[in-house]
Amino acid sequence: MTIRQLSVFLENRHGTLVEVTELLAKENIDIRAMSLADTQDFGILRLIVNDPEAAKAALAKIGFVASVNEVTAVAIDDNPGALSEVIRVMAEGQINIEYMYAFLSTHKGNAYVVLRVVDNAHAAEVLTSKGITLVSEDDIKVL
């Protein structure tokens, strides 16, 4: 099970993030989670949104380069050690994490962690075999 993530290539200049977030608001795209990594010249904005394809199309119309890709997301208890357990399970399953970011859900006591891995199907198999709950796009929509 995977969810779709929107990745946007951004020039590192004043006001770029405002352009993206204002456009998404205008298009009624709801941001559920985000991560921004940058260098001196550019950045990659990663977003979990309610409609990644519509967001990608809207951004393309004003000149942004964006892509939609599949990522794995898990629900964990919002308490110390829960994330460590997921990472240990992944390490034991020989799954390398390229990057990850987390956000709180409105479901009391849960946090969601988005994980970029090479093989989402293998990650899902390993995680569920250890009782770790995967997050679906339907779960994201009800936040």
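**A buried threonine, a partly exposed aspartate and the overall fold**

The side chains of T72 and N120 are joined by a polar contact of 2.6 Å; such a contact is a pair of N or O atoms within 3.5 Å, where, within protein, one must be able to donate a hydrogen and the other to accept it, and residues adjacent in sequence count only if both atoms are side-chain atoms. All of this comes from a predicted model, in which local features need pLDDT of at least 70 and side-chain atom pairs count only at pLDDT 80 or more, while totals for chains, interfaces and linings use all residues. Residues are numbered from 1 along each chain as its sequence is written, and side-chain values use heavy atoms, with hydrogens and water left out.

T72 sits in strand β4, residues 65-77. With a relative accessibility of 0%, T72 counts as buried (under 20% relative accessible area, against over 50% for exposed and in between for partly exposed, with a 1.4 Å probe and protein chains only). Leaving aside residues up to four places away in sequence, T72 touches V113, V114, L115, V117, N120, A123, L127 and L134, contact meaning heavy atoms within 4.5 Å.

L134 turns up again around D139, which touches Y112 and L134 once residues up to four places away in sequence are set aside. D139 belongs to helix α5, residues 137-141, and is partly exposed because its relative accessibility is 27%. Its side chain also reaches back to the backbone nitrogen of S136, at 2.9 Å. As for E22, it lies 117 residues from D139 in sequence and 25 Å from it in space, C-alpha to C-alpha.

Zooming out, the protein has five helices and seven strands (DSSP runs numbered from the N terminus: H or I of at least four residues for helices, E of at least two for strands). Read from the N terminus, their order is β-α-β-β-α-β-α-β-β-α-β-α. The protein is as compact as a globular protein of its 143 residues, because its radius of gyration of 16 Å is close to the 15 Å given by the globule rule; the radius is taken over C-alpha atoms, and the rule is 2.2 Å times the number of residues to the power 0.38. Along the principal axes, the C-alpha trace spans about 45 × 30 × 25 Å.

Buried residues account for 41% of the 143. Of the contacts with a separation of 6 or more, 69% are between residues 24 or more positions apart.
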